[in-house]
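With the model open in your viewer, follow the stops below in order, making each selection before reading on.

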Amino acid sequence: MSGAGQHARVVLVVAKAPVAGLAKTRLAESLGAVAAARIAAAALLDTLDAALATPGTRTLVALAGDLASAEQGESVRALLAGCDVVAQRGATFAERLAHAHEDVALAYPGARVVQIGMDTPQVSPDLLATALSRLDDADGVVGPAADGGWWALALRDPRAAEVLRAVPMSRPDTGARTEAALRTRGLRLAALPVLTDVDTLDDVNGVVARTPGSRFAAAVAGALPRTVL
């Protein structure tokens, strides 16, 4: 992995290996650990497809967990071959996010970044490109999530993600707190459309409707009884 020069554009995917019992634990409460992990794998694969198809960008994946025991591990490895991959670092999720952005700054000096997770398989290359283009007029771009968090964070300077260390994650006010922390640093912010994170069974149907023909939709169809769909 080497620096891509001034004004590189990077899609940063922060992901967890889709291992049964460790991935999508809230979804597993309704569907079981294996089905939840298969859905997580499909979401990750669709997310990587979108990242790799975003024009004029490089993809860096900050990965946690062991793909050897993951659902669709070989398929995930095949897509990761087109990415730069680093191990997640940090004791908390907030620390891991901050470190991942720091890794972008180290690998691609002067780069702009848009960071996503693997919870919004409905994300598209157009949405990711829009996030990066809005950095022409803003210092940061936030994609709010329907649950009060955020699904995307684009930064003109990835080092600004240092403020995430002090933001409580996975709360209904995480999005508002993130924006406040960035503004306190002096950043001018723009917004992306609201998307739904796939965390629970209630989240699934709306996302499936937006992703017909996707791996995610197929995995959900295989996991849910007809009466649930």
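Begin on the outward side of α3, where E74 and A78 are exposed; keep in mind throughout that this is a predicted model. Now add G73, V76, L79 and L80, the residues of α3 that are buried. These four cover an arc of only 125 degrees around the axis, which puts them on the same side of α3. The general geometry of a helix helps in reading this pattern, since an α-helix has 3.6 residues a turn, so residues three or four places apart point the same way. What do the buried residues of α3 pack against? Show α2, β2 and β3 (84–87), and you have the three elements in question.

Next, keep α2 and α3 on screen and hide the rest. Their axes lie 10 Å apart and the two helices pack at an angle of about 10 degrees. Any angle under 35 degrees counts as roughly parallel, and α2 is therefore roughly parallel to α3. To see the side chains involved, select L44, L45, L48, D49 and L52 in α2, which meet S75, V76, L79 and L80 in α3. Coloured by class, this contact of α2 with α3 shows seven nonpolar residues, one polar residue and one charged residue.

Stay with α2 and bring in α8, the helix of residues 215–223. Here the axes come within 8 Å of each other and cross at roughly 170 degrees, and α2 and α8 are therefore roughly antiparallel. On the α2 side, select A35, R38, I39, A42, A43, L45, D46 and D49, and on the α8 side R215, F216, A219, V220 and A223, which together make the contact. Colouring this set by class gives nine nonpolar residues, no polar ones and four charged ones.

From the helix pairs, move on to the nonpolar interior. The largest nonpolar core has 35 residues, and those with the most contacts inside it are V13, L48, L80, V114 and W151. At least two residues of this core come from each of β1 (9–16), α2 (33–52), β2 (58–64), α3 (73–80), β4 (112–116), α5 (125–133) and β6 (150–155). Of these elements, α2 gives the most, with six residues. Centre the view on L80 and display its surroundings: apart from residues up to four places away in sequence, L80 touches L48, V61, L63, L67 and V85. A second core, separate from this one, has 28 residues, including Y108, L153, M169 and L182. A general tendency gives some context for both selections: in soluble globular proteins, nonpolar side chains tend to be buried together.

The next stops are in loops. Select G117, which is found in the loop between β4 and α5. Is G117 buried or exposed? Its relative accessibility is 19%, and because buried means under 20%, G117 counts as buried. With neighbours within four places in sequence left aside, G117 is in contact with V13, V14, T47 and W151. Add W150 and draw a C-alpha to C-alpha distance from G117, which comes to 9.7 Å for two residues that are 33 apart in sequence.

A second distance from G117 leads to G148, 31 residues away in sequence and 15 Å away in space, again C-alpha to C-alpha. G148 is found in the loop between β5 and β6 and is partly exposed, with a relative accessible area of 22%. Display R171, P172, D173, T174, G175 and A176 to see what G148 touches beyond residues up to four places away in sequence.

Now go to D139, in the loop between α5 and β5 (140–144). This aspartate counts as buried, at 17% relative accessibility. Leaving aside neighbours within four places in sequence, D139 is in contact with A154, L155, R156, G186, L187 and R188.

Finish with two backbone conformations. Q72, in the loop between β2 and α3, has a positive phi of about 55 degrees although it is not a glycine, and Q72 is partly exposed, with a relative accessible area of 44%. S170 likewise has a positive phi without being a glycine, with a value near 60 degrees. Look for S170 in the loop between β6 and α6 (174–184), where S170 counts as exposed at 74% relative accessibility.

Notes: Residues numbered from 1 in each chain as written. Predicted model: local features only at pLDDT ≥ 70, side-chain atom pairs only at ≥ 80, totals over all residues. Heavy atoms only, no water. Core = buried A, V, L, I, M, F, W, Y, C linked by side-chain atoms within 4.5 Å. Buried < 20%, exposed > 50% of the residue type's maximum accessible area, 1.4 Å probe, protein only. Contact = heavy atoms within 4.5 Å. Axes fitted to C-alpha atoms, helices over the stretch in contact; angles between N-to-C directions. Parallel < 35°, antiparallel > 145°, perpendicular 65-115°, else oblique. Nonpolar A, V, L, I, M, F, W, Y, C, P; charged D, E, K, R; others polar. Arc of directions from axis to C-beta.
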